[in-house]
Amino acid sequence: LDIYSEETVAADEHGKVLHIYSENYTIEKLLDELFYDTINVEFNLTPWVRTLCKYGDFFLFNDVSPEHGVINAFPIPVNEIEREEGFDPEDPMAVRFRWVTQGNQILENWQVTHMRVLGNDAFLPYGSSVLEAARRIWRQLILVEDAMLVYRIVRSPERRVFYVDVGNVPPEDIPTYMEQVQATLKKAQVVDKSSGRVDLRYNPLSVDEDYYLPVRGSDSGTKIDTLAGGQNATAIEDVEYIQKKLFAALKIPKAYLGYDEGLGAKATLSQEDVRFSRTIARIQRTVIAELNKMAIIHLYCNGFEGEDLLDFQLKLSNPSTIAQQQKLELYRTRFDVAATANNIDGLVSRDWVRKRIFNMTDDQILMIKDQREEDKLDDLRIESVTLPSP
């Protein structure tokens with residue numbers, strides 16, 4: 001859970017957790033104050049996302065002022081609130097919340113920020129924990145590990161078999177005789193540190209650790225044999241099998257959890273890292289969707305309406321540098337192919353390259369041409385500027 005939350009709310013190279021973009025400076029300043037000063041995402045977002053990953057749901061009560069917008073956000077325990085859908089026949093998309101522990105108080109959709117990890121239809125309208133797939137496997141792993149440790153403790157020690165020659169001892173006296181022999185062999189003198197006396201009662205070996213067998217007749221003669229300990233103590237294939245199932249269910253690369261054998265080839269770790277980054281990106285989309293809702297409420301209370309309410313973009317940092325490197329590598333390959341195609345005269349046109357290799361639309365191609373024309377004019381303007389002679 002710590003890995004999930006820290007990767008989801010990772011800071012970029014500038015130390016920023018949440019990135020706010022808007023062409024309107026007032027909107028950007030308002031949202032920056034909301035998330036960094038009021039909500040304090042740098043401190044609060046990591047524990048919030050951890051709770052979201054743990055339960056699959058996370059609820060925030062938005063303390064909204066009609067004049068100043070969102071002035072605070074309080075976490076609500078997941079077991080205290082219920083989400084209600086489909087209660088209004090005229091508005092099938094209507095959502096409201098019922099705060100059970102506060103006298104079934106009804107909260108409107110704008111009063112509650114509900115983050116949920118969707119993916120398992122059985123839990124709708126709530127999310128499902130990222131640990132849900134691993135719960136059964138984790139119980140199996142605990143049982144197998146306990147069985148493995150019990151086997152090592154009980155079966156691993158060497159045992160000794162004492163064959164005691166009972167000779168002419170009458171059959172009815174053999175148990176008493178055997179107890180005397182056990183007491184003689186197992187008793188050891190230990191000095192009590194507090195009193196300085198010799199304590200003969202101390203028994204350094206448990207009674208059931210060794211075996212005492214009375215023998216007579218052809219097998220007469222006292223002797224001691226050693227029984228080997230359990231020979232299967234090094235076999236942990238079953239534990240490793242369930243461990244692998246657990247890693248697969250958690251979707252976290254082994255190397256992240258300190259299992260160095262999971263590193264393997266560098267390419268394998270790269271692929272695992274990219275897969276994990278996609279899982280993190282899914283959780284980030286959930287968080288961003290609800291932060292967008294909070295931002296819209298805040299802007300509305302501050303007097304913005306219509307398209308201005310959507311004139312911003314929120315982003316969380318991509319945790320995987322390897323995924324970014326792969327994207328840059330893809331761009332470089334496309335530019336190399338485009339340069340090669342443009343250098344072959346008469347084969348294809350520039351528009352064909354833009355459409356087929358860069359997947360541009362006609363509008364984007366026209367915009368690129370206009371921008372290239374502006375770049376040329378800027379270059380000529382800069383070249384025409386000459387420094388005054390001294």
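## Two helices side by side

Helix 4 (residues 135-155) packs against helix 6 (residues 237-250) at an angle of about 160°, and their axes are 9 Å apart. Helix 4 is therefore roughly antiparallel to helix 6. The cut-off matters here: an angle over 145 degrees counts as roughly antiparallel. The crossing of helix 4 and helix 6 is left-handed. The model is a predicted one.

Which residues meet where these helices pack? From helix 4 come I137, W138, Q140, L141, V144, E145 and M148. They meet D238, V239, I242, Q243, K245, L246 and A249 of helix 6.

## The whole protein

The protein has ten helices and 13 strands. Its length is 390 residues, and buried residues make up 32% of them. Contacts with a separation of 6 or more can be split by distance along the sequence. Of these, 63% join residues 24 or more positions apart.

## A mixed sheet: strands 11, 8 and 12

Strands pair through backbone hydrogen bonds, in a parallel or an antiparallel way. One open sheet here has three strands, in the order 11-8-12, and its pairing is mixed. Strand 11 and strand 12 are the edge strands, each pairing on one side only. Neighbouring strands of this sheet are turned by 25° against each other on average, direction ignored.

Strand 8 covers residues 159-165, and strand 12 covers residues 223-227. These two run antiparallel and are joined by five bridges. In this pairing, R160 stands opposite T226 of strand 12. On the other side, strand 8 pairs with strand 11 (residues 211-215) in the parallel sense, over five bridges. There, F162 stands opposite Y212 of strand 11.

## An antiparallel sheet: strands 3, 2 and 7

Another open sheet of three strands has the order 3-2-7, and its pairing is antiparallel. Its edge strands are strand 3 (69-76) and strand 7, each of which pairs on one side only. The twist from one strand to the next averages 25°.

Strand 2 and strand 3 are antiparallel and share seven bridges. One pair can be named: L60 has P75 of strand 3 as its bridge partner. A helix covers these strands too. Helix 3 (residues 41-55) lies across strand 2, strand 3 and strand 7, and runs at about 135° to strand 2.

## A closer look at S65

Where does S65 sit? S65 is in strand 2 (residues 57-65). Is S65 buried or exposed? Its relative accessibility is 14%, so S65 counts as buried, since buried means under 20%. Leaving aside neighbours within four places in sequence, S65 is in contact with I71 and C301.

## Salt bridges

How many salt bridges does a search of the whole structure find? The search finds 14. One of them joins the side chains of E85 and R116, at 3.9 Å from N to O. E85 belongs to strand 4 (residues 81-85) and R116 to strand 7 (residues 112-116), so this pair ties together parts that are 31 residues apart in sequence. E85 has 41% relative accessibility and counts as partly exposed.

A second salt bridge joins D351 and K369, whose closest N and O atoms are 3.5 Å apart. Why does this pair tie together parts that are 18 residues apart in sequence? The reason is that D351 lies in helix 9 (residues 350-356) and K369 in helix 10 (residues 362-384). D351 is partly exposed, with a relative accessible area of 30%. K369 is partly exposed as well, at 37%. Salt bridges can also share partners, and in this way R83, E85 and R116 are joined into one network.

Another salt bridge stays within one helix. The side chains of R332 and E329 meet at 2.7 Å, N to O. Both residues lie in helix 8 (residues 321-343). They are three residues apart, so about one helical turn separates them. E329 is partly exposed, at 38% relative accessibility.

Note on methods:
Residues numbered from 1 in each chain as written. Predicted model: local features only at pLDDT ≥ 70, side-chain atom pairs only at ≥ 80, totals over all residues. Heavy atoms only, no water. Pairing = 2+ DSSP bridges. Helix = DSSP H or I, 4+ residues; strand = E, 2+ residues; numbered from the N terminus. Salt bridge = Lys/Arg side-chain N within 4 Å of Asp/Glu carboxyl O. Buried < 20%, exposed > 50% of the residue type's maximum accessible area, 1.4 Å probe, protein only. Axes fitted to C-alpha atoms, helices over the stretch in contact; angles between N-to-C directions. Parallel < 35°, antiparallel > 145°, perpendicular 65-115°, else oblique. Left-handed = near helix turned anticlockwise from the far one by under 90°. Contact = heavy atoms within 4.5 Å.
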